[in-house]
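Grab a viewer and work through a few exercises on rings, charges and a bound ligand. Try each task yourself before reading the solution under it.

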Amino acid sequence: MSSYKLDLDGKSVELPIVVGTENEKGLDISNLRAETGYITLDNGYVNTGSCESQITFINGAKGILRYRGYPIEQLVEKSSFEEVSYLLYYGKRPNKSELEGFKAKIGEYSVVPKEIIKMIEAFPKDAHPMGMLATAVTALSGFYPEFVKSNLNDDEKNKALPLLMGAFKVISAAIYRHVSSGSMKLNSQSSLNYPEDFVSLMFDKSDEDVAKALDILLILHADHEQNCSASTVRMVGSSKANIFASIASGINALWGPLHGGANQAVIEMLDSIQADGGDYKKYIELAKDKSHPFRLMGFGHRVYKNFDPRAKLIKGSCDKVLAKLGVSDPVLDIAKGLEAEALKDPYFVERKLFPNVDFYSGIIYRALGIPTTMFTVMFALGRLPGWLTQWKEMIEGDSLKICRPRQIYTGETLRDFSDQ
Ligand code: SDX
């Protein structure tokens, strides 16, 4: 069946059926309103597809995540964040010289105008780093005017990723230096790979184990199809806003504790459970109590109704990193206790609430010496290639339309202003 006939109030419309390469099916409702006057309503877009995409495939029931068809497990084991970023954005695996050229381009852009460093320093040291990141990325528009126009040529589009990856790396490290009162002299080293250079920019020393763990975390965060922040980037980019404005909008969407801010919220939750005596079973009960606002941060996912494959991979890396660094973190014991309890509690099992990517990432970041408030910046550093790839796919699409949803009005009907 290639279409579905819908009859409404005596009017009928043929809705084409769209089938993806993984046999996902959708009803194309582009003609619904014109033919029947009806729109659809879908709170939180739980059942609504915003686009067709060739970037990332997720199967929530089977815990599958693939970038351009490659399983995340293989990319974590055999690739690197730079290579995965290239694969996502340019749509193909780089050969040796392409990868070296890409790395060199990132190196060229691993400098940030001193005026932007001063903007970061203008923030109070206890201000949230995501506000500094969004500000600094928006400010890049003032220093790269050639990227501010709405139609980038192919050469500019090709440069957009290394530019933003290089700038993000230095800006993020500068933010860390600012909040931790470190020196603001940041010298990127092109001889180091991306995570090694980031670690060196952050801590003024490199550490192979930390850089390797970070490379895995960045790969795992690189893209996740139409999540809240990627959809925001597409929404803003659909107005032909420039790359800096579009990416800064993604940063702000990721800031929320229900999305990218969850990794920070997980650690804050675990710390408060520890401060409250470590009785995690009490918090499992609180999370189930509808009259209480507490939710188990790091649990649940809109798509993964089985396990988040990234959580499994991060958990493995977490154990290795903590063992290598000789870190024994009581908060990790609480995390493991929470997970064990939740995985056997009917409330969580019935609602298919399992640990997600954020449940363990915060523990690793903390073991790596990264302050809690920087966790969501780390998420953004990883997600940048995905955001920009989603933006590029959207603007290069066959029929770019500005995103402008409809609504059903439920407010006051016509009334005269002179009435009292
Ligand atoms: C990320 O979309 C992506 O791809 C995001 C992400 C990415 O890579 O970009 O994967 C990254 O954002 C992961 C999610 C990080 N957020 C958190 O860990 C915050 C805690 N999780 C919840 O807020 C929640 O699970 C969401 C927001 C993640 C998903 O929410 P849904 O799918 O909209 O689920 P829901 O709010 O409709 O809840 C369904 C039921 C409800 O109970 P009932 O009304 O059926 O009785 O499950 C309950 C909810 O109350 N529930 C939870 C819960 N999450 C859902 N109960 C307790 N603790 C939780 N964490």
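A residue is near a molecule if one of its heavy atoms lies within 4 Å of it. Keep in mind that this is a predicted model.

**Exercise 1. Which residues come nearest the ligand, and how do the residues of the shell divide by character?**

Start with the 4 Å cut-off. There are 25 residues around the ligand, and H224, F299, H301, R310 and R383 come nearest. Next, sort the shell by residue type: ten are nonpolar, seven polar and eight charged.

**Exercise 2. Find polar side-chain atoms that lie close enough to the ligand to count as polar contacts, using N or O atoms within 3.5 Å.**

Take H224 to begin with: an N or O atom of its side chain is 2.5 Å from a ligand oxygen. Then go to Y347, where a polar side-chain atom sits 3.0 Å from a nitrogen of the ligand. Now try R351, which has a side-chain N or O atom 3.1 Å from an oxygen of the ligand. To finish, look at coverage: on its own the ligand has 1,100 Å² of accessible area, and the protein covers 77% of that.

**Exercise 3. How many aromatic pairs are there, and what is the geometry of Y89 with Y90?**

Counting ring centres within 6.5 Å of each other, you get 15 aromatic pairs. One of them is Y89 with Y90, with centres 5.0 Å apart and planes at 85°. An angle over 60 degrees counts as edge-to-face, and that is the label for Y89 and Y90.

Now, is each ring buried or partly exposed? Y89 counts as buried because its relative accessibility is 1%, under the 20% cut-off. Y90 has 23%, so this residue counts as partly exposed.

**Exercise 4. Describe the pair of Y283 and F294 and place both residues in the chain.**

First the geometry: Y283 and F294 are edge-to-face, 5.5 Å centre to centre with 70° between the planes. Then the location: Y283 belongs to helix α13 (residues 280–288), while F294 is in the loop between α13 and α14 (309–325), eleven residues apart. Last, burial: Y283 is buried at 12% relative accessibility, and F294 is buried too, at 16%.

**Exercise 5. Which residues make up a ring cluster, and which lysines lie over rings?**

Follow the ring pairs and you'll link F299, Y347, F348, F359 and Y360 into a cluster. For the lysines, check K312, which lies over the face of F307 at 4.4 Å from the ring centre. Then check K392: its charged end sits over the ring of Y89, 5.0 Å from the centre.

Key. Residues are numbered from 1 along each chain as its sequence is written. This is a predicted model: local features need pLDDT of at least 70, side-chain atom pairs count only at pLDDT 80 or more; totals for chains, interfaces and linings use all residues. Side-chain values use heavy atoms; hydrogens and water are left out. Rings of Phe, Tyr and Trp (its six-membered ring) pair if their centres lie within 6.5 Å; planes under 30 degrees apart count as stacked, over 60 as edge-to-face and the rest as tilted. Buried means under 20% relative accessible area, exposed over 50%, partly exposed in between (1.4 Å probe, protein chains only). Helices (H or I, at least four residues) and strands (E, at least two) are DSSP runs, numbered from the N terminus. A charge sits over a ring if NZ of Lys or CZ of Arg is within 6 Å of the ring centre and within 35 degrees of the ring normal. A polar contact is a pair of N or O atoms within 3.5 Å; within protein, one must be able to donate a hydrogen and the other to accept it, and residues adjacent in sequence count only if both atoms are side-chain atoms. Accessible areas come from the Shrake-Rupley method with a 1.4 Å probe; for residues, only the protein chains shown count as cover. Ala, Val, Leu, Ile, Met, Phe, Trp, Tyr, Cys and Pro count as nonpolar, Asp, Glu, Lys and Arg as charged, and the others, Gly among them, as polar.
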